[in-house]
Amino acid sequence: VVAHEFGHFNQGVAMRLHHVVSRVNGWFVRVVYERDAWDDALQDAGDQPEEWSVALIVWTAQVGVGLSRLLLSGLMHVGIALSAFLSRQMEFHADACEYAVAGSETAERTTRKLATLAVAMEQSGRLLRDGWRKSHRLPDNLPELLHRVHAGLPPHVIAATDSTLGLERTAWYDTHPCPAERIRQARLAQAPGLLFDARPASALFERFDVPARQVTELYYTDDLR
């Protein structure tokens, strides 16, 4: 995972381009879906027109606004599709960095584990809601809770999650490729890898509990508010 994320640092131009395209897409979304003072003025003028000529002008303006938004909506979807395609290619490139460092086999194993971790995260979320509802208390180390829940997943849950990975498909608007595509690319690469270490990733930290608690607090305040 670290090799993958560091792989994005090799994408300076693409990262900047992706940021610009995302800003443009955001502008498209606003002009297509958000009402402004012009819409309100046309609405007010069309509610009680004093003369038929005024009503005709207002109706013509409303049709023009609708057609322009329809055109902008098409451009918006094209922009979203192109930026999503760019994002997926960036993910594949970062995956290639992951293969080079950790090997294709480890990359596939990591992709499969991320899927079961998602199941564990869902169960952890239920525990958080129950704990908050009963006592207004939350664990101060969410990664530790996630680790314990994942370790306690029944084998049939892990097997069912793993067996459904191949059924997922990437949609045109997805910013990340589906796990099946990532696994397929990892197998095609057949990269032997350079670094192998069986220790847990927490060994990269002097005191993993410190950043774990910081991330937990940020998750509660920023994500769950």
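Q: Why is tyrosine 219 called partly exposed?
A: Its relative accessible area comes to 21%. Buried means under 20%, exposed means over 50%, and partly exposed is what lies in between (1.4 Å probe, protein chains only). At 21%, tyrosine 219 therefore counts as partly exposed.

Q: What kind of model is this, and which cut-offs go with it?
A: The model is predicted, so local features need pLDDT of at least 70 and side-chain atom pairs count only at pLDDT 80 or more, while totals for chains, interfaces and linings use all residues. Residues are numbered from 1 along each chain as its sequence is written, and side-chain values use heavy atoms, with hydrogens and water left out.

Q: What makes tyrosine 220 buried or exposed?
A: Tyrosine 220 has a relative accessible area of 14%, so it goes down as buried.

Q: How many aromatic pairs are there, and what makes two rings a pair?
A: The count is five. Rings of Phe, Tyr and Trp (its six-membered ring) pair if their centres lie within 6.5 Å; planes under 30 degrees apart are stacked, over 60 edge-to-face, and the rest tilted. One of the pairs is tryptophan 172 with tyrosine 173, at 5.3 Å centre to centre and 85° between the planes, which is edge-to-face. Tryptophan 172 is partly exposed at 44%, and tyrosine 173 is partly exposed at 48%.

Q: Why is the pair of tyrosine 219 and tyrosine 220 called tilted?
A: The ring centres are 6.1 Å apart and the planes meet at 50°, so the label is tilted.

Q: What makes the largest nonpolar core a core, and which residues are in it?
A: A nonpolar core is a set of buried Ala, Val, Leu, Ile, Met, Phe, Trp, Tyr and Cys residues joined through side-chain atoms within 4.5 Å. The largest one here has nine residues, including Val119, Ala120, Leu128 and Tyr220. Helix 5 (104-135) and helix 6 (142-151) each put in at least two residues, and helix 6 gives the most, with four. (Helices are DSSP runs of H or I with at least four residues, strands are E runs of at least two, and both are numbered from the N terminus.)

Q: Which residues does leucine 128 touch, and what counts as contact?
A: Contact means heavy atoms within 4.5 Å. Skipping neighbours within four places in sequence, leucine 128 is in contact with Leu138, Pro139, Leu142, Leu145, Tyr219 and Tyr220.

Q: How do you know what span helix 5 should have?
A: The expected span is 1.5 Å times one less than the number of residues. For the 32 residues of helix 5 that comes to 46 Å, and the end C-alpha atoms are 45 Å apart, which agrees.

Q: What is unusual about the phi of histidine 136, and where does this residue lie?
A: Phi is near 55°, a positive value in a residue other than glycine. Histidine 136 sits in the loop between helix 5 and helix 6. At 53% relative accessibility, histidine 136 counts as exposed.

Q: What makes glutamate 108 and arginine 112 a salt bridge?
A: A salt bridge needs a side-chain nitrogen of Lys or Arg within 4 Å of a carboxyl oxygen of Asp or Glu. Glutamate 108 and arginine 112 have N to O at 3.0 Å, so they qualify. They are four residues apart in helix 5, which means a separation of about one helical turn. Glutamate 108 is buried at 15%, while arginine 112 is partly exposed at 23%. The two also belong to a salt-bridge network with Asp162 and Arg187.

Q: Why does it matter for direction that residues are three or four places apart?
A: An α-helix has 3.6 residues a turn, so such residues point the same way.

Q: Which residue does glutamate 122 bridge to, and how many salt bridges are there in the whole structure?
A: Glutamate 122 pairs with arginine 126, the closest N and O atoms being 3.6 Å apart. The whole structure holds 12 salt bridges.

Q: How many disulfides are there, and what would make one?
A: There are zero. A disulfide would be a pair of cysteine sulfur atoms within 2.5 Å. Cysteine 97 is buried at 18%, and cysteine 178 is buried at 7%.
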